[in-house]
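Please read the paragraphs below with the sequence and the coordinates open beside them, and look up each residue as it is named.

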Amino acid sequence: DKMAAGVARARFIDIGANLTDPMFQGVYRGKSKHAADLASVLQRAWAQGMDKMVITGTSLSDSVSAIAMASSNDQLYCTVGCHPTRCDEFDSDTGYLNQLRELIVANPSQVIAVGETGLDYARLEFCQRETQLKYFKQQIELALELDKPMFLHLRDAHSDFIDMMKALEKRPKGVVHSYDGPLDAAMQLIDLGFYIGLNGCSLRTAENLAVVAELPIERLMLETDCPWCDIRNTHAGAEHLKTTFSTVKKPDRYEDGKMVKGRNEPANIVQVAEVLMVEIEPCCCHDGCRRL
């Protein structure tokens with residue numbers, strides 16, 4: 001049908017791909033299961049219409065790896081920052097923030113945003129609220145200083161996140177990625193100037209789909225958050241999928257040219273688009289996919 005054809009013609013940018021994750025080197029939970037296959041993963045993405053990808057930096061060391069990877073291919077870019085659950089790393093290295101700054105300044109062609117940073121109150125066992133708030137604020141100031149947009153994480157902390165942004169004399173630009181929260185918070189974020197990033201985790205439940213259906217398409221960005229956040233058969237959005245891939249059930253049964261079940265890939269961005277084509281009414285028009 002016309003919608004499926006539109007998705008097939010689309011050119012995509014995955015704004016959040018964790019390509020430095022060990023799974024793309026064949027390592028799962030610390031154990032090697034198969035040979036590194038990142039080259040095959042990238043090739044599948046290009047074949048699905050991927051135009052560019054942004055590799056997520058989640059810590060200082062991870063950001064170094066993301067820059068190295070982005071430097072290898074002019075279709076790859078990256079972010080530099082520290083995930084809220086890893087912000088204790090700032091306390092163990094007094095030069096941490098300055099090292100993030102130096103990475104961004106030294107790699108202008110690769111680094112397009114500060115992040116992943118934000119607030120995550122669902123996993124306070126990894127980093128306490130006060131620590132997250134302190135170093136989120138420092139990374140906001142870094143983004144403003146360097147005139148970079150932000151790649152933002154928000155989980156179970158909507159009130160503090162929005163209050164912090166409202167209190168700023170000058171707000172950064174950016175996207176709140178992997179959004180799965182309520183509609184009122186999403187609209188407040190949009191009113192503050194932010195984009196909303198959607199992936200499989202944004203499309204799990206009927207409530208998620210109801211939220212997504214109300215969001216303005218011009219404020220949405222697509223992502224996979226791979227190797228996480230795939231669209232699974234039990235998810236509400238799965239009924240809208242038209243594209244499937246040949247998959248092995250377990251990593252130790254790996255076959256070249258096939259995906260591994262449970263390890264999301266950038267190529268699956270086409271599935272995110274297929275769900276949104278159905279759920280967001282403006283996409284029913286002929287140019288819906290191009291606007292996505």
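What follows is a walk through a predicted model, from its strands and helices to its aromatic rings and its cysteines.

A convenient place to begin is strand β7, which covers residues 150-155 and has six of its six residues buried, so that the strand is largely enclosed by the rest of the structure. Its side chains fall into two sets: Met 150, Leu 152 and Leu 154 point one way, while Phe 151, His 153 and Arg 155 point the other way, and the residues of both sets are buried. The charged or polar names in that second set, His 153 and Arg 155, are thus among the buried residues of β7.

The partners of β7 can be taken in turn. Strand β6, residues 111-120, pairs with β7 in the parallel sense over six bridges, and within this pairing Leu 119 stands opposite Leu 154 of β7. The chain passes between these strands by way of helix α6, residues 129-146, and β6, α6 and β7 together make a right-handed β-α-β unit. Strand β8, residues 174-176, also runs parallel to β7 and is joined to it by three bridges, with Leu 152 of β7 standing opposite Val 176 of β8. Here the helix of the unit is α7, and β7, α7 and β8 again make a right-handed β-α-β arrangement.

Burial is also a feature of helix α10, which spans residues 269-279: 10 of its 11 residues are buried, and the helix is therefore largely enclosed by the rest of the structure. The buried residues of α10 include Ile 269, Val 270, Val 272, Val 275, Leu 276 and Met 277, but also Gln 271, Glu 274 and Glu 279. A contrast is offered by Gly 30, which lies in the loop between β2 (27-28) and β3 (31-32) and counts as exposed because its relative accessibility is 69%. The C-alpha atom of Gly 30 is separated by 22 Å from that of Asp 88, a residue 58 places away along the chain.

The aromatic rings come next. A pair of aromatic rings is described by the distance of the centres and the angle of the planes. With centres required to lie within 6.5 Å, the count comes to four aromatic pairs. One of them is formed by Phe 161 and Phe 194, whose rings are 6.5 Å apart from centre to centre, with 65° between their planes, an edge-to-face pair. This pair links distant parts of the chain, since Phe 161 belongs to helix α7 (residues 158-167) and Phe 194 to the loop between α8 (183-191) and β9 (195-198), 33 residues apart. Phe 161 counts as buried because its relative accessibility is 0%, and Phe 194 counts as buried at 0% as well. Elsewhere, Phe 90, Tyr 96 and Tyr 135 form one aromatic cluster, and the ring of Tyr 195 has the charged end of Arg 219 sitting over it, 3.9 Å from the ring centre.

Which cysteines are joined in a disulfide? The structure holds one such bond, formed by Cys 201 and Cys 229, whose sulfur atoms are 2.3 Å apart. The angle about the S-S bond is -95°, and the link is left-handed. It connects distant parts of the chain, with Cys 201 in the loop between β9 and α9 (206-213) and Cys 229 in the loop between β10 (220-222) and β11 (247-248), 28 residues apart. Cys 201 counts as buried at 12% relative accessibility, and Cys 229 is buried with a relative accessible area of 11%.

Why is Cys 78 not bonded to Cys 226? The sulfur of Cys 226 is the closest cysteine sulfur to that of Cys 78, but it is 14 Å away, which is too far for a bond. Cys 78 is itself buried, with a relative accessible area of 0%. Cys 82 is likewise in no disulfide, and the nearest cysteine sulfur, that of Cys 87, is 4.2 Å away; a disulfide would need the sulfur atoms to be within 2.5 Å. Cys 82 counts as buried, at 0% relative accessibility.

Cys 226 itself is found in the loop between β10 and β11 and is buried, with a relative accessible area of 0%. Beyond its neighbours within four places in sequence, Cys 226 is in contact with residues including Gly 16, Ala 17, Asn 18, Leu 19 and Phe 24, and also with Asn 264, Glu 265 and Pro 266. Met 50, 176 residues from Cys 226 in sequence, is 14 Å from it in space, C-alpha to C-alpha.

How values were computed. Residues are numbered from 1 along each chain as its sequence is written. This is a predicted model: local features need pLDDT of at least 70, side-chain atom pairs count only at pLDDT 80 or more; totals for chains, interfaces and linings use all residues. Side-chain values use heavy atoms; hydrogens and water are left out. Rings of Phe, Tyr and Trp (its six-membered ring) pair if their centres lie within 6.5 Å; planes under 30 degrees apart count as stacked, over 60 as edge-to-face and the rest as tilted. Helices (H or I, at least four residues) and strands (E, at least two) are DSSP runs, numbered from the N terminus. Buried means under 20% relative accessible area, exposed over 50%, partly exposed in between (1.4 Å probe, protein chains only). A charge sits over a ring if NZ of Lys or CZ of Arg is within 6 Å of the ring centre and within 35 degrees of the ring normal. Two strands pair if DSSP finds at least two bridges between them. A crossover is right-handed if, with the strands pointing away from the viewer, the path from the first strand over the helix to the second runs clockwise. Contact means heavy atoms within 4.5 Å.
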